[in-house]
Protein chains: 2
Amino acid sequence: MPTVIFQPSGRRGLVDEGTNLLDAARQLGVDIESVCGGVKVCGKCKIKIETGFFEKFGIDSRLSNLSAFLPDETDYLNEEEIADNYRLSCCAEVLGDLLVFVPEESRGAKQVVLETGKERVFNLNPAVRKYYIEMQAATLEDHRSDAERIKDALNAKYGLPRELNFDYPILRDLPTIVREAHWKVTVTVWNRQEIILVEPGLVQRSLGLAVDVGTTTVAAYLCDLHTGQVLVVDSMMNPQVRYGEDVLSRITYAMMNDDGLEKMHAAIIDGINTLARRMTEKLDLTPELILEVTLVFNTVMQHIALGIEPSHIGRSPFTAGTKEAQNIKARDLGIKVWKAANVHTLPVEAGFVGPDNVGVLIAEEPYKEPEKMRMVIDIGTNGEIDIGNAKRLLCTSCATGPALEGAQIKFGMRAAPGAIEKVRVDPETLEASYKIIGRDEWYPELKKADVKGICGSGIIDVVAELFKSGIIQKSGRFNMKLDSPRVRKGEDGRPEYVLAWADETSIGKDIAFTQGDVRAVQLAKSALYVGSRYLMEKLGAQNLDSVTLAGAFGSYIDKESAMLIGMFPDCDLDNVLAVGNAAGDGDKLALLDVGKREEAARIAREVEFVETAIEPDFQERFAAAMAFPHSTDKFPHIEHILAKVGKK
Amino acid sequence: MPTVIFQPSGRRGLVDEGTNLLDAARQLGVDIESVCGGVKVCGKCKIKIETGFFEKFGIDSRLSNLSAFLPDETDYLNEEEIADNYRLSCCAEVLGDLLVFVPEESRGAKQVVLETGKERVFNLNPAVRKYYIEMQAATLEDHRSDAERIKDALNAKYGLPRELNFDYPILRDLPTIVREAHWKVTVTVWNRQEIILVEPGLVQRSLGLAVDVGTTTVAAYLCDLHTGQVLVVDSMMNPQVRYGEDVLSRITYAMMNDDGLEKMHAAIIDGINTLARRMTEKLDLTPELILEVTLVFNTVMQHIALGIEPSHIGRSPFTAGTKEAQNIKARDLGIKVWKAANVHTLPVEAGFVGPDNVGVLIAEEPYKEPEKMRMVIDIGTNGEIDIGNAKRLLCTSCATGPALEGAQIKFGMRAAPGAIEKVRVDPETLEASYKIIGRDEWYPELKKADVKGICGSGIIDVVAELFKSGIIQKSGRFNMKLDSPRVRKGEDGRPEYVLAWADETSIGKDIAFTQGDVRAVQLAKSALYVGSRYLMEKLGAQNLDSVTLAGAFGSYIDKESAMLIGMFPDCDLDNVLAVGNAAGDGDKLALLDVGKREEAARIAREVEFVETAIEPDFQERFAAAMAFPHSTDKFPHIEHILAKVGKK
């Protein structure tokens, strides 16, 4: 029997002469991509034959040890590849010892880079996979049903378990489809357990939708499950906002109105359906092509989105109805994608720390950091904080409110064209310069600014700049003794700072940042700060080695501004990283790599939840942390920044 | 450690002193019924303490070896039981060696008698089971979700697997229900894998619905899953009849009309919903209390009822879309019972031999007959025949048409009040006497007969009597030379026999049995006869040791008449048994005993299907078997009957 070695894995073994290389790879546990399963119609299983004598292996892998080139192969290999000894592994039969190289693009479990926010490398291994099979037509002698015939073929060709179950709606057209397709079909299998689609011929396209249902913003990612690429990104205001700005007010709405839960449930399902329609339309496709949906949300949004009674999460002891990951038929939820599609929701950790934080964790993987003290903070209407490493990981939840997302701020808005996203205030003149989304130049260089409002990253910037320039004091109060037209009393008689004059805006009035706005940011940053200090104390951590800022607007945040206003404890700025919507990234990863779901289940069990709001000195510490940059803790890195601007 | 022996199983072992007898039984693998799981509120776990010294066991099981009688027990034990040393096993603790008798009614896997048609003994072990649990309320220290808390309790108390899944709709009200019930709930689990209902407090009632979807008649049985009793029996004409009388005409309807399948699918689902509503109404209940539905049907009815494209079953090679047993959510099928209920369908054998014949097999169990040659024949619009025993079992299907169910017979009708069900013809006078359903006397003793028509058993009787009295000849043709006003030419000029004169009827005209009716019966009986002969030949069987006649009207059939007209090969009449609707019985058994589903899966795989209609001499033999009693085969038992009436 000839010996075959596959590189780069180095797996080797004896195979029968005449075995094709695709089967040889399977026998030796090497995963070569093959959409058609070896019937020479997909061209995905390219491998390269390494020529020459490899003394250390004792193998002479000359091309004569392979069967002759088949005409089929020329359809899939270009001249260059042919010259470079590429073959289709389903066509080339082993006649003697061989050394074979499996190039990256032909490997079954490919590593792919997720290209939104931070670049993340993952294994492309979605729950939804397609398998091409060709079957013999039914005969009088062969009484197997259409369904059995498909399962037998999947088992014989791909080793799928015989216990596969057809989702009921798929059975209905099955007899017609297999015959019209002349028994050549592509079968879509979910999680190696359920057949959710049978299509005529060879089909590779597979769409999946990852949705991050935030309290304020819903972000959605339409992904190609076959390539791992994100095809369309879209978002909308959570349509439940009309029933309440934050999670507690929505719980209240559900409790005070008999149809409250049902209304909010219907609103978010309708929102997801709108996104699915809008996003597939951009590709001239329909939502019926979406074969799986993954959802992340905080625990209250999870309950409402699934229509589960949420009132008990809102009061002590904050018990969730369910914490486990769910797989729910999209049709049972009313989500209008493929009729047999499943909706996967990531698990809850505890209390308000929901599937969205699990998403952050599986994206950021602090549990893989062996030693250093990592902090991952997810900024939303509810803030979640994780601190620790592989040894121990704690999490907590803070009621930050929607201020950092632009809500409850007088001129706050979502990150959209026309929003101020960066701000600088000259400490001498107290004049403002700013950058708006959609334009490259900064005001005042920018003519005809058309400012509409200020978004999250701009809000953090302006507070930091007002503090650095002395316009607001350590307490957060405006210093009204300053002589600048921008520092003034607003219509309500309370102090404010004018960021943009009416003629720079598209709304026809001055856009100002008010004393009330500063307070809202103080409440948010104090909640985050106190929460993270409690976790550090429980872990016995003196310092943080790194801080990761996540959140819908997280990749645009100015990390120096964020640290300066005290959103998180002191840390070397070089080790502070803003990564964007890590919860959404985790959601996408769960869609694209089923291994991430197992990781999610494990970390959801292992991370320790700390209920910080019930600590006896919480109120006292919360009040102290309202100050800028923050309370009495030591902060060498912040002092260094302040020294640069002459504040120390 | 004390020794405890449980009778009648004889299981014995050592248990810790102080263990209650319910736990002791579990430890020793003895299944004692306990709805409440041992919290002393159901009274189901009665056992009897055997007193005296049992030398052969070396055990002195005096009552002093038990803890004292608890006040709780008097609520559930009457004086007689107390005097007879009955205890509740959850209350009585082991203090020394004991001999315990578990009475039949306290055994977990009870044998129950199914009381419709033939009495059948089975193990009451439904897929749907209820479990009562009491839980600790959630606390700040215990972050388990409501769902986890329930699963943990079911695991701790009943050993149910931790992998139990909540059917999605059940999660929605869960937080409200567990709290309103103060954490004392009854959980309904399907198949040890899915939670389909959570109810406050201790609930025992569990309803299930078994439906036998015949081509012509739909029979339904509302069962108590807790006691195994049939509570209500009901039936209706299959509402699909308007689209075609038999399976082939319905397939044609589906093929010729774009919405044909959908219409017929909707019609039967609507019919099942009507039956479910009507039957629960009789008990002042609602269909939402039905927790599982089991269905049997022939393969074509299965496809149409499930909405699966049926055209390919109707033409060679007669391939089913799916043959396996299905578990489909009632809500996906549109069946309006409990929202999380499952619908279980028995598996198909092959071709037209569908789940209904599997129902017949698991009811009649010919595969448990070690030696003798059994024949089981299910008479419906399609006839199914099984012949064989534990060694080998063959089956086939015959197109009998609906004649034996009263359809396509001039005055044919369903078995209902007013239908002639038994007939005798005096061979001398050629006068008729008959019995109608709903009346005890026979005509002519019966005054004011109010005959409406003739049903299946009457049809078989009248053909046999016409033959015995010489009114019809061996060929089936009327002997028009006879001198009787009853033997005449009808309006169409063709011969007929008047069974009832107009004044005996409620329809105001003579009820006659026509030459065409005789022909329809001949076609049906010939199909059955030829089918069974083929199977006997394949098995090398010369004779049948027993014949079981099943079918909707099967228990009323006159077996002598049936054999005389040649519906089945010759057999000793003592070994011919009419058992009624065995398919419906099998359906009920599958509802009440999950073990029967495994048996069904096995037998559906093992029984060998024979396609008789494609045999080269089929037409020839079919024509020959049209004669009475049947073709040239030997038939000593039939000759004996004929000799008695002077025909030999």
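**Close-up views of a predicted two-chain model**

**Figure 1. The N-terminal cap of helix α8 in chain B**. B:Asn298 caps the N-terminal end of α8(B). One of its side-chain oxygens lies 3.0 Å from the backbone nitrogen of B:Val300. This model is predicted. The helix spans residues 299-306 of chain B. Just after α8(B) comes B:Gly307, with a positive phi of about 75°.

**Figure 2. Burial of helix α8 in chain B**. Is this helix enclosed by the rest of the structure or exposed? Eight of its eight residues are buried, so α8(B) is largely enclosed by the rest of the structure. Buried here means under 20% relative accessible area. The buried residues are B:Thr299, B:Val300, B:Met301, B:Gln302, B:His303, B:Ile304, B:Ala305 and B:Leu306. An α-helix has 3.6 residues a turn, so residues three or four places apart point the same way.

**Figure 3. The relation between chains A and B**. Two copies of a chain are related by a rotation about an axis and a shift along it. Here, a turn of 180° and a shift of 0.1 Å along the axis lay chain A on chain B, with an RMSD of 0.1 Å. The two copies are thus related as by a two-fold rotation axis. Which residue of chain A comes closest to the rotation axis? A:Asp332 does, with its C-alpha at 4.5 Å. Of the interface residues of chain A, 100% are also interface residues in chain B, so the copies meet through the same surface.

**Figure 4. The largest cavity**. The structure holds two cavities of 30 Å³ or more. The largest has a volume of about 50 Å³. Eleven residues line this cavity. Closest to its centre are A:His143, A:Arg144, B:Phe318, B:Thr319 and B:Ala320. By class, the lining of the largest cavity divides into four nonpolar, four polar and three charged residues.

**Figure 5. The second largest cavity**. About 30 Å³ of space lies in this cavity. Which residues lie nearest its centre? They are A:Phe318, A:Thr319, A:Ala320, B:His143 and B:Arg144, out of eleven that line the second largest cavity. The lining has four nonpolar, four polar and three charged residues.

**Figure 6. Cis peptide bonds in chain B**. The bond from B:Gln7 to B:Pro8 is cis, with omega near 5°. B:Pro8 sits in the loop between β1 (3-7) and β2 (11-14) of chain B. Another cis peptide bond joins B:Ser316 and B:Pro317, where omega is about 0°. B:Pro317 belongs to the loop between α8 and β18 (326-329) of chain B.

**Figure 7. A positive phi at A:His182**. Phi of this residue is near 50°, a positive value in a residue other than glycine. A:His182 is found in the loop between α5 (168-180) and β12 (184-190) of chain A. Is A:His182 buried or exposed? Its relative accessibility is 62%, so A:His182 counts as exposed. The cut-off for exposed is over 50%.

**Figure 8. A positive phi at A:Leu430**. A:Leu430 is not a glycine, yet its phi is positive, at about 65°. The residue lies in the loop between β23 (419-425) and β24 (432-436) of chain A. Its relative accessibility is 5%, so A:Leu430 counts as buried.

Terms used:
Residues numbered from 1 in each chain as written. Chains lettered and ligands numbered in written order. Predicted model: local features only at pLDDT ≥ 70, side-chain atom pairs only at ≥ 80, totals over all residues. Heavy atoms only, no water. 1 Å grid on protein atoms, 1.4 Å probe; cavity = no way out; pocket = protein on both sides within 12 Å on 5 of 7 lines; lining within 4 Å. Points joined across faces, edges and corners; volume = space filled by probe spheres on them. Nonpolar A, V, L, I, M, F, W, Y, C, P; charged D, E, K, R; others polar. Buried < 20%, exposed > 50% of the residue type's maximum accessible area, 1.4 Å probe, protein only. Helix = DSSP H or I, 4+ residues; strand = E, 2+ residues; numbered from the N terminus. Polar contact = N/O pair within 3.5 Å; in protein donor to acceptor, adjacent residues only side chain to side chain. Least-squares fit on C-alpha atoms with pLDDT ≥ 70 in both. Contact = heavy atoms within 4.5 Å.
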